[in-house]
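Work through the exercises below with the sequence and the 3D structure at hand. Each task is followed by a solution in steps.

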Amino acid sequence: MKYVPHALLALSAVLFPYCVQRVFLATPIESQMGTAQKIFYFHVPLAWICMLFAVVCGIAAGVQLRRRSDRAEALALAAGEMTVLAGLGVLITGPIWGDATWGTPWTGDARQTSTALLWLVFVAYLLVRTYGPANAERLAAALAIFGAINVPIIYYAVKIWKTTHPQTGVVGSLPQDMWNTLWVCLLALLSLAIALVWIRAGQARLAIALDRAWIDAEPEPAPA
Amino acid sequence: MRLWRQTWLLARNDLRQEARQLELVMTAGFFTLVMVVLFAVAFFSLDDDAQAKAVPGMLWLGVAFVGALTLTRVFGREREANTFNALLAAPVDRLAIYLSKLVVTVLVLALCSALMVPGLGSVFPAAGIFDADPVALVSLVLLGCIGYAAVGTLFAAGLASAAGKNVLLSVILYPLTTPVLLFALVATQRLLEGHAELWSVLAQMLALDVALVGVGAWLFESVLVGAGPRANPARSPRVSS
């Protein structure tokens with residue numbers, strides 16, 4: 001188990017050049033959107049990774065609250081950071097793609113708004129973890145749980161508020177070639193993300209253990 | 001039955017304190033008026049069409065701002081008098097603490113909305129707030145306030161033991177209350193447009209409120225246990241590495 005993150009990092013190091021080669025040289029150019037559609041192979045995997053780790057963070061936070069598990073707390077923290085990182089990637093690549101194909105970087109449709117709000121919730125999670133008071137880890141856990149619950153609600157709310165998704169059918173109608181490239185990119189990015197979360201969670205666990213050892217080593221205050 | 005009685009006793013205690021000083025009502029009410037004036041100044045030149053589109057946003061932004069102020073004060077008072085730990089140590093169900101604070105917050109928010117809605121209605125007459133169905137308007141405002149307060153009470157309580165961390169409440173509150181505010185926004189737009197689907201949106205808001213109060217009540221104790229200083233019980237002592 002010790003070398004799992006290393007293996008995943010090696011896998012993604014091998015896959016990344018192959019991805020670039022596949023995306024730009026081997027996969028045909030999409031007929032309607034042209035070369036701008038190439039960003040799709042990074043945008044969509046990043047969005048999936050962002051959602052995946054948001055859910056992981058919410059579940060880990062729930063376990064942390066119920067069982068007071070340090071392991072779950074460390075995983076929630078690492079997953080929260082990965083959500084913010086991947087979300088940032090989604091929020092940068094999305095408007096670039098949108099600008100090239102829809103003519104405007106931000107249309108405010110359901111998917112965009114819910115991703116942006118999800119990202120904000122997890123930035124708030126990290127802020128509370130970093131700058132919060134003594135009970136910050138429990139507070140942050142509740143925040144992550146609410147955040148994970150909120151995502152579908154926000155999506156639905158924006159959908160009934162503003163139903164103008166210009167390209168809903170993009171992913172469904174892809175030729176097999178493009179699907180295959182997408183899977184390769186997803187595998188590369190996902191193995192990188194899992195490796196990073198794994199390493200970060202281990203580091204967070206050590207930090208928690210160190211804190212605890214520090215508190216245990218402190219002499220009891222003398223009774224007044 | 002016991003839970004409701006405890007909730008009522010705790011809420012009555014807060015309300016009585018409020019009735020003696022009127023601190024929350026006066027400050028939050030005045031803040032509401034200031035906001036209406038600021039909206040009036042900032043959006044003075046909106047034409048008639050734009051007014052109907054902008055007023056729902058102003059209403060719920062106003063509720064969000066007043067709500068943050070109210071929640072800070074509701075728990076700030078406990079902190080200043082150092083009674084929050086006493087409240088946690090008291091032989092009452094923790095759920096009753098949550099529900100009583102929720103009731104107080106919703107009452108203050110409803111009072112502020114009772115100022116804000118007519119205020120916005122008279123400053124932006126073309127939005128047609130006064131022509132809207134009053135029953136729907138009142139239930140909409142109440143449902144929005146309950147949902148907002150359900151999330152807010154949980155996190156304000158979590159921050160109550162820490163002085164000087166109020167800025168974090170705004171950081172948490174606004175992203176997390178977006179769903180209920182968005183629903184309220186949709187419902188207000190439909191109300192002003194006289195849309196036929198208004199009541200179905202209100203029913204969805206009711207369901208959302210029930211879910212938010214449920215999750216808030218479920219998490220309240222976990223978030224608060226050990227809220228006092230140096231109380232961090234029963235965690236596994238060491239991480240095996």
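A residue counts as buried when its relative accessible area is under 20%, as exposed when that area is over 50%, and as partly exposed in between. The model is a predicted one.

**Exercise 1. Describe the make-up of chain A: how many helices and strands are there, and what share of the residues is buried?**

Step 1. Chain A has six helices and zero strands. Along the sequence, the pattern reads α-α-α-α-α-α.

Step 2. Taken along the principal axes, the box filled by the C-alpha atoms of chain A is roughly 80 × 45 × 25 Å.

Step 3. Chain A has 224 residues, and 50% of them count as buried.

**Exercise 2. Find out how many disulfides the structure holds, and examine A:Cys19 and A:Cys57.**

Step 1. Over all chains, the number of disulfides is zero. A:Cys19 is accordingly in no disulfide, and the nearest cysteine sulfur, in A:Cys185, lies 3.7 Å away. The cut-off for a disulfide is a pair of cysteine sulfur atoms within 2.5 Å.

Step 2. For A:Cys57, the closest cysteine sulfur is that of A:Cys50, at 11 Å, which is too far for a bond.

Step 3. Are these two cysteines buried or exposed? A:Cys19 counts as buried because its relative accessibility is 1%. A:Cys57 is buried as well, since its relative accessible area is 0%.

**Exercise 3. Locate the salt bridge between A:Glu81 and A:Arg200 and state which helices it links.**

Step 1. A search of the whole structure gives eleven salt bridges over all chains. One of them pairs A:Glu81 with A:Arg200, with 2.6 Å between the closest N and O atoms.

Step 2. A:Glu81 sits in helix α3 (residues 70-101) of chain A, while A:Arg200 sits in helix α6 (residues 176-217) of chain A. The two residues are 119 residues apart, and the pair links distant parts of the chain.

Step 3. A:Glu81 is partly exposed, because its relative accessible area is 26%. A:Arg200 is also partly exposed, at 25%.

**Exercise 4. Which helices of chain B are tied together by the salt bridges of B:Asp14 and B:Glu221?**

Step 1. B:Asp14 forms a salt bridge with B:Lys101, and the closest N and O atoms are 2.8 Å apart. B:Asp14 belongs to helix α1 of chain B and B:Lys101 to helix α5 (residues 94-123) of chain B, so this pair ties together parts 87 residues apart in sequence.

Step 2. Both partners of this bridge are buried: B:Asp14 has a relative accessible area of 5%, and B:Lys101 has a relative accessibility of 1%.

Step 3. B:Glu221 forms a salt bridge with B:Arg94, the closest N and O atoms being 3.1 Å apart. Here B:Glu221 lies in helix α9 (residues 198-224) of chain B and B:Arg94 in helix α5 of chain B, so parts 127 residues apart in sequence are tied together.

Step 4. B:Glu221 is partly exposed, with a relative accessible area of 38%. B:Arg94 counts as partly exposed at 25% relative accessibility.

Step 5. Salt bridges with shared partners also form a network, which joins B:Glu18, B:Glu23, B:Arg73 and B:Arg77.

**Exercise 5. Identify the residues in the patch of positive charge on the surface, and place B:Arg16.**

Step 1. The patch gathers B:Arg5, B:Arg12, B:Arg16 and B:Arg20.

Step 2. B:Arg16 is part of helix α1 (residues 2-21) of chain B.

Step 3. With a relative accessibility of 43%, B:Arg16 counts as partly exposed. A residue in a patch needs over 30% relative accessible area.

**Exercise 6. Where are A:Arg68 and B:Leu22 placed, and what is the sign of phi in each?**

Step 1. Most residues other than glycine have a negative phi.

Step 2. A:Arg68 is not a glycine, yet its phi is positive, at about 55°. The residue is in the loop between α2 (40-67) and α3 of chain A. A:Arg68 is partly exposed, since its relative accessible area is 25%.

Step 3. B:Leu22 likewise has a positive phi, near 55°. This residue is in the loop between α1 and α2 (23-42) of chain B. B:Leu22 is partly exposed, because its relative accessible area is 40%.

Methods: Residues are numbered from 1 along each chain as its sequence is written. Chains are lettered from A and ligands numbered from 1 in the order in which they are written. This is a predicted model: local features need pLDDT of at least 70, side-chain atom pairs count only at pLDDT 80 or more; totals for chains, interfaces and linings use all residues. Side-chain values use heavy atoms; hydrogens and water are left out. Patches are made of residues with over 30% relative accessible area and no salt bridge: like charges are joined within 9 Å, nonpolar side chains (Val, Leu, Ile, Met, Phe, Trp, Tyr) within 5 Å. Accessible areas come from the Shrake-Rupley method with a 1.4 Å probe; for residues, only the protein chains shown count as cover. A salt bridge is a side-chain nitrogen of Lys or Arg within 4 Å of a carboxyl oxygen of Asp or Glu. Lys and Arg count as positive and Asp and Glu as negative; His and the chain ends are not counted. The place of a charge is taken as NZ of Lys, CZ of Arg, CG of Asp or CD of Glu. Helices (H or I, at least four residues) and strands (E, at least two) are DSSP runs, numbered from the N terminus. Buried means under 20% relative accessible area, exposed over 50%, partly exposed in between (1.4 Å probe, protein chains only).
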